[in-house]
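Reader: I am new to this structure. Please take me through one part of it closely, and then show me how the rest fits around that part.

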Amino acid sequence: MAQTFVFTLAAALALAMSAAASQSDAASAPFRVTSSSFKDGGMLTKKNAADDPMRMCGGDNVSPALSWANPPEKTKSFVVFMLDPDGLLGQGVSHWVGYGIPANVQGFAEGELTKQTKNFVGGKGTRDNALYIGPCPPMGDAPHHYVFTVVATDLDPSALKPGMTRDEVYAAIKGHTLVGGSIVGRYAR
């Protein structure tokens, strides 16, 4: 009987420690960026491509869905960058810069970045755009990589002025970033 009690007490203690560890792991879960439109490293669709008739991109310019989870407690706002590092012969193309995203926003629905909303301030992309412009790599190129990066900051959502470039935003958030994460979509035509 005494052995049964010791075993039961040990099992209960192990179970309690396991539950405490699970709660601790959940509280310190890593910051994640995901999309229901594509998998990390997967292909974006034609509907996500630019609809620029001059460049014959052939897409619908529908931004993919983006979401993020587990930001630090001190997060006041988010910044989102969409960069094609393969574009302009390796110089990179800034497809979209958005900031002033309130801490309670956990992502954007498909198509939401192609129209101005109260949930972000549009910066200035390579084509002077404040809204999403989809992929349009040169015909025949290997798939370009489109990096969607979300950065949690301790800046108030109204801290940055509208129309800032990617480099200006980088400089402005220096010393104010808490965590960042990325997801990569690829596209070729």
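Author: What follows is a close look at the disulfide and its surroundings, then at the spaces and a few single residues.

The model is predicted. Start with the frame. The protein chain has three helices and eight strands. Along the sequence they come in the order α-β-β-β-α-β-β-β-β-α-β. The chain counts 189 residues, and 37% of them are buried. Its exposed surface is about 10,500 Å², with 59% supplied by carbon and sulfur atoms. Take the contacts in the chain with a separation of 6 or more. Residues 24 or more positions apart account for 73% of these.

Now the disulfide. How many does the structure hold? It holds one. The bond runs from Cys 57 to Cys 136, with 2.0 Å from S to S. These cysteines sit in distant parts of the chain, 79 residues apart. Cys 57 belongs to the loop between β1 (32-34) and β2 (66-69). Cys 136 belongs to the loop between β6 (121-122) and β7 (144-153). The link is left-handed, with -90 degrees about the S-S bond. Are the two cysteines buried or exposed? Both Cys 57 and Cys 136 are buried.

Step back one residue, to Pro 135. Pro 135 also lies in the loop between β6 and β7. Why does Pro 135 count as buried? Its relative accessibility is 0%, and the buried class covers values under 20%. Which residues touch Pro 135, leaving aside neighbours within four places in sequence? Cys 57, one half of the disulfide, is one of them. The other contacts are Leu 44, Asn 48, Ala 49, Ala 50, Met 82, His 95, Tyr 146 and Tyr 187. Gly 58 can be placed by distance. The C-alpha atoms of Pro 135 and Gly 58 are 10.0 Å apart, across 77 residues of sequence.

Cys 136 leads on to the largest pocket. This pocket has a volume of about 270 Å³. Its lining has 20 residues. Those nearest its centre are Arg 55, Gly 87, Leu 88, Val 93 and Cys 136. So a cysteine of the disulfide is also a lining residue here. Which elements supply at least two residues each? They are α2 (87-90), β4 and β7. By type, the lining has eight nonpolar, seven polar and five charged residues.

Leu 88 deserves a stop of its own. Leu 88 lies in helix α2. Its phi is positive, about 50 degrees, although Leu 88 is not a glycine. Most residues other than glycine have a negative phi. Leu 89, in helix α2 as well, also has a positive phi, near 55 degrees. How exposed are these leucines? Leu 88 is partly exposed, at a relative accessible area of 48%. Leu 89 counts as exposed because its relative accessibility is 88%, and exposed means over 50%.

Next comes the closed space. The structure holds one cavity of 30 Å³ or more. The largest cavity contains about 40 Å³ of space. Its lining is made by Ser 77, Val 79, Tyr 99, Gly 100, Thr 153, Leu 155, Asp 156, Pro 157, Ala 159 and Leu 160. Two or more of these residues come from each of β3 (77-84) and β4 (93-102). Six of the lining residues are nonpolar, three are polar and one is charged. β4 thus appears in the lining of the cavity and in that of the pocket.

Thr 153 in the cavity lining points to another pair. Thr 153 and Lys 174 have C-alpha atoms 9.4 Å apart, with their positions 21 residues apart in sequence. Lys 174 lies in the loop between α3 (166-173) and β8 (177-187). Lys 174 is exposed, with a relative accessibility of 71%.

One loop residue remains. Where is Ala 29? Ala 29 is in the loop between α1 (2-27) and β1. Ala 29 is partly exposed, at 26% relative accessible area. Its C-alpha atom is 9.1 Å from that of Pro 71, and the two residues are 42 apart along the chain.

Technical notes
Residues numbered from 1 in each chain as written. Predicted model: local features only at pLDDT ≥ 70, side-chain atom pairs only at ≥ 80, totals over all residues. Heavy atoms only, no water. Disulfide = S-S within 2.5 Å. Helix = DSSP H or I, 4+ residues; strand = E, 2+ residues; numbered from the N terminus. Buried < 20%, exposed > 50% of the residue type's maximum accessible area, 1.4 Å probe, protein only. Contact = heavy atoms within 4.5 Å. Areas by Shrake-Rupley, 256 points an atom, 1.4 Å probe, with all protein chains shown as cover. 1 Å grid on protein atoms, 1.4 Å probe; cavity = no way out; pocket = protein on both sides within 12 Å on 5 of 7 lines; lining within 4 Å. Points joined across faces, edges and corners; volume = space filled by probe spheres on them. Nonpolar A, V, L, I, M, F, W, Y, C, P; charged D, E, K, R; others polar.
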